[in-house]
Amino acid sequence: MNKDIAENLKNQWIDKRPNKPLPHNIPVTWFDLSCLEKIDYDADRVTLSFLVNNKEYKLYLSFPEIGGIRLYSDKIGFQNIEKYKKIKCISYEHGLNVKTDSEIEIRINTNSNCWEIEILYDGKIINCINGRQLLLGYSEDGNLSKIKIIGSISEKELFTGLGERFDKIVRNGTYSLLWNFDSLFQLSESSKTDRVYSYTNIPILHSTNGYTLFINSSYAIDADIGKTNSQEYFFECYGPTFDLFFFTGEFSYRMESYAKLTGYNVLPPKWAFSYWAGNSAIHFTYANGGNYMQTLENMMEGYAKIGTPIKNMFVEGVIHKDKNVYKYLNKTDTHVIAWHDSAYWLKNKPNEMSIEDSPHLRPYYGDRNEELKQKYCDFTHPNAKWIIDNLYGKYIKLGIKGAMIDFADAVPYNSIAYDGTTGDEMHNVYAFHYQKHFKELYEKYNGSDYILFARAGFPGTQSLMAKFLGDEPCTFDGLKTSLTAGLNLSLSGFSLWGTDMGGLGIWRKHIPDEDCYRRWMQWAAFNPIMRSHGHTTRAPWDFSSDAVRDFQKYYWLRENLMDTIYSNVIDSSRSATVMVEPLQLAFPQDETVALIEDEYMFCKDILVAPILKERTLARDVILPNGMWIDFWTGLNVKGGAQFKARASEGTIPLYLRSGTLLKIKLSYSLKLCDNMEKGSYNALLITAPDVKRDISFNLNEIDVERYITEFIDGKTVITNSSMADINAVIAKGISAISVIVDGKAVDRKGYITPNGTAFYYVDEIKNTTTIFLPDSWKTLEIVDSGKVVKNLAFEKFIYSEDDTSASFHRTIADGWAFNYWTIPRTNAKFTLDLDEVKEIKEIQMTWGTDYADSYMVEASVDGKNWFFVIGVMDGTGDEEVLRLPPNTKARYIRFMNFGFPQRTPAILGDIRVYGTEYEDKD
């Protein structure tokens, strides 16, 4: 590099802030690769020789053992492979046909005015690229400084990928800068900039036409996916690296090829997937006047009081250096998870270390020992391992079982590492080096019993540690962008990630409102990692008693599912399986869900549809084709069309696909979401299958349980192939009329009392059967009634003498809560007319954020003579269930004498009434 350019680098910081350096965009002159001079080949690869800018330039085409093809130059990227398939080449008049032993085939055509490569899979052309779509950019000094790849976009073709992105899932019409960046500023709602930046940029692009492009480069990349021209995408890659992988086949197979290249996901211990409590350094510094021990004790005691014991505590800041923290948390076997600033060079380097021996990045210009404005640890330096051990090892010895390895997205382009890598090439891959060093450090002290997670990422860092989604505002916009970021990470090969539950906020200024906190909590329960964090309190009791009730519900639901969750964690450490699958990945052939960006599959069988808008009681949901079961109601829902899903304040819409079988734990009550501190049963959660499924669960890295679920002769049949110790089954979407275990009929009971004797209990309203099983059972057969209890209130007339707005609508009895009635604060009274006298057993009411905590219900046969049915004195809103006295018969049901726990009017979204009438499930 000449002195003039070096001096320009010194002075041309695009962004003066040391933690936000942007890449150096060097002007270039572009030359395409249309001038193909010759083609050579042998049994290993094809060599394409070009004349570019009066110089010879070569590209090589090979077939990696991992799948797909590789098109690369002498300057390859960070990821490399050694094993390639042997190829067979057949020359013809105007080209070359290249085959191997797989379904993929290459045709190099030279019979037009510009050569082209056709990529075929199973005889079908899935991508085509010609010499004018591959360009080299030379700077003024004659150096190759950029590569450009242009691809075409067909009419219905959709793209996903590119790493952690905050704007959308489908990448069509977007521009992104693939350069790791502290993205906090763009996530602020006050800054409505295009969200083109990210903490983790992965140059992988998936096409619905059947191929995945991975650009194996650590330099910055401008990615324009149809934004400039809707009919083409282009990648403008900084630096001289030219290394492309094209993976082919089914989406899952392409993901597997990528994972084999870059690495499978890391495998932390099981305890790491229970809830993480904790707060930021700012909170521990200022809460309780800076008495962080008091803050910590208050949190631990508060969680214990509400019956949600804490296994993991995230302590950020100086608190993790205090021995008293470990003494206190060790009493409850709570794992301490700390925070490490691994990107920045710390000033307290050992006095005996010389400047030359200190492992920090140097400036690219001038004297090698000249100071950069801010120092960064150089993980290519031989002393890097020793220095981080010296700085952090003593705290790990105290008992740290994990940490957030933060930052590492700020290496300036005008720097140089010990191994000679310049900052522009090191910037993105720096995340890999520093995470690898910290992984090795924790393995030294903890073996495999630890968890690390990081903000920055690079292809392959999924094999080193989990991912943190970024610093989000405490708002619904923050919740939505976190969801989008997580789904995009999943599409880019990252299985393990978590968010700041409730958002981070800015200093001590921001705290989520109760609505946002509760909705974020519900979603976080279905993140790979459920983690609470923020600059202000995230303890549920600091929001409301309703928030406490929600937290208890979702804390224990996650613990119910822990065996299934960890089995999927193990799967992702052995294959390209990810715990969270966007619908585009889970159902790649289903056009119904191709554009859905706010639903996903969790642990293969649970569809999650988070609530992303404030004060919402329902949302639109589209399920993939097939039959699904509402997790909360047990009702059958047919996929393939949009519908309104009920989502009261404490309810996140969840659906189970047909043939679901999840390994779970249940409290002694045999109910989901109940406290399990006193013990639990091993159990299964199932739905009726439509096809035979062979399902395995990893108990650990070695042991596996297998089950077969199928539908035979009108019966759901579960085979316990491993003779696993399973005590109970919850069958959702099934109201059983008979249950047979190993050929013997099981008695039906009208209540749940597990006492060692096999029985089954049916909740016909929730369309759910609970079965208590004998020891060592092998085969379970369930016959469904095919009926559900009819909602007698559905679309029935509701009137109010005091509020005519309730008289002209049937919408609060329409079976969902998208429409609602605001109950007046004084003299409110309304009546539901069932059209005729019915026997009534249960009334269900869906409340909004604001609700009535006391009211009275009366009933009448003729509308004139009324009798008392039930009184509510301590209502909690949400989904309220009123069970009526036996033999209650009425045509009219009247609600009156409302009391409100809040100043604002109550919101009633839906009323459902159930009795003794049934209807077909379909």
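In which strand does D835 lie? In this predicted model, D835 belongs to strand β52, which covers residues 829-847. The backbone there does something a little unusual to look at: phi of D835 is positive, near 80°, and the residue is not a glycine. As for its surroundings, D835 is partly exposed, with a relative accessible area of 46%. A positive phi also turns up at D122, near 55°, again in a residue other than glycine. D122 sits in a loop, the one between β9 (116-121) and β10 (124-130). With a relative accessibility of 63%, D122 counts as exposed, because the cut-off for that label is over 50%.

On to strand β53 (residues 854-860), where seven of the seven residues are buried. Its side chains split into two sets: S854, M856, E858 and S860 point one way, while Y855, V857 and A859 point the other way, and all of them are buried. What does β53 pair with? One partner is strand β55 (residues 879-899), which runs antiparallel to β53 and is joined to it by six bridges. Within that pairing, A859 has I893 of β55 as its bridge partner. Strand β54 (residues 866-872) also pairs with β53, in the antiparallel sense and over six bridges, and here Y855 stands opposite V872. β53 and β54 make a hairpin with five residues between the strands, and in that hairpin G863 takes a positive phi near 85°.

Another piece of strand architecture is an open sheet of six strands, ordered β37-β38-β42-β47-β46-β45, with mixed pairing. Its edges are β37 (661-666) and β45 (748-749); each has a single partner strand, so one side of each lacks a neighbour in the sheet. Further in, β38 (residues 681-686) and β42 (residues 728-732) pair in the parallel sense over four bridges. A683 has A728, in β42, as its bridge partner.

Then there are the aromatics. The structure holds 48 aromatic pairs, one of which is formed by Y275 and Y555, edge-to-face, at 6.4 Å centre to centre and with 70° between the planes. This pair links distant parts of the chain, 280 residues apart: Y275 comes from the loop between α3 (251-262) and β20 (276-279), and Y555 from helix α11 (residues 545-560). Both partners are hidden away: Y275 is buried, with a relative accessible area of 2%, and Y555 is buried as well, at 3%. The two tyrosines also belong to one aromatic cluster, made up of Y275, Y303, W541, F551, Y555 and W556.

Some rings have charged company instead. The charged end of K148 sits over the ring of F234, 4.7 Å from its centre. R531 lies over the face of F314, at 4.7 Å from the ring centre.

Finally, what about E105, in strand β8 (residues 104-109)? E105 is buried yet has no salt bridge, and R107, the nearest side chain of opposite charge, is 4.3 Å away. That distance does not qualify, because a salt bridge calls for a side-chain nitrogen of Lys or Arg within 4 Å of a carboxyl oxygen. E105 does have a polar side-chain partner, though: a contact of 3.0 Å joins its side chain to that of N97.

Technical notes: Residues are numbered from 1 along each chain as its sequence is written. Side-chain values use heavy atoms; hydrogens and water are left out. Rings of Phe, Tyr and Trp (its six-membered ring) pair if their centres lie within 6.5 Å; planes under 30 degrees apart count as stacked, over 60 as edge-to-face and the rest as tilted. Buried means under 20% relative accessible area, exposed over 50%, partly exposed in between (1.4 Å probe, protein chains only). A charge sits over a ring if NZ of Lys or CZ of Arg is within 6 Å of the ring centre and within 35 degrees of the ring normal. Two strands pair if DSSP finds at least two bridges between them. Lys and Arg count as positive and Asp and Glu as negative; His and the chain ends are not counted. A polar contact is a pair of N or O atoms within 3.5 Å; within protein, one must be able to donate a hydrogen and the other to accept it, and residues adjacent in sequence count only if both atoms are side-chain atoms.
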